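Dear colleague,

I am passing on the structure below, followed by a short account of what was found in it. Please keep it open while you read.

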Amino acid sequence: MLARLGAIGFVGIAIAATAIGLSRKEDSSAATSIGRSEAASADPLRGELIRCRELGEAGTRDPACLRAWAENRRRFLAPAPPTIDRRKAQ
């Protein structure tokens with residue numbers, strides 16, 4: 001009898017945790033889509049990269065995505081601008 005009550009309690013907790021998890025995913029997707037539009041308007045390359053990510057496998061055949069990924073690699077791998085050593089300047 002005690003084992004049955006424990007199993008019922010465990011199932012009830014699992015159902016409650018699942019319901020809470022599903023309700024949080026819906027809320028976070030709305031916040032993510034708002035953040036995406038703001039980031040895309042700030043940098044057009046970022047907007048294009050987001051679009052390509054949403055295309056999935058088709059993005060590997062899209063010429064615009066290939067150009068966007070090449071530009072992103074170029075920006076990432078570009079040498080950093082020289083910094084001024086303030087100790088030497090004084």
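Buried residues, meaning those under 20% relative accessible area (exposed is over 50%, partly exposed in between, with a 1.4 Å probe and protein chains only), make up 11% of the 90 residues in the protein chain. This is a predicted model, in which local features need pLDDT of at least 70 and side-chain atom pairs count only at pLDDT 80 or more, while totals for chains, interfaces and linings use all residues. Residues are numbered from 1 along each chain as its sequence is written, and side-chain values use heavy atoms, with hydrogens and water left out.

The protein chain exposes about 7800 Å², of which carbon and sulfur atoms supply 63%; accessible areas come from the Shrake-Rupley method with a 1.4 Å probe, and for residues only the protein chains shown count as cover.

The chain has four helices and zero strands, where helices (H or I, at least four residues) and strands (E, at least two) are DSSP runs numbered from the N terminus.

Phe10 lies in helix α1, residues 2-42, and counts as exposed because its relative accessibility is 61%.

In helix α2, residues 44-55, the twelve residues should span 16 Å at 1.5 Å a residue (1.5 Å times one less than the number of residues), and the end C-alpha atoms are 17 Å apart, which agrees. Within α2, Leu45, Gly47, Leu49, Ile50 and Cys52 are buried, and just after α2 Gly56 takes a positive phi of about 75°.

Best regards
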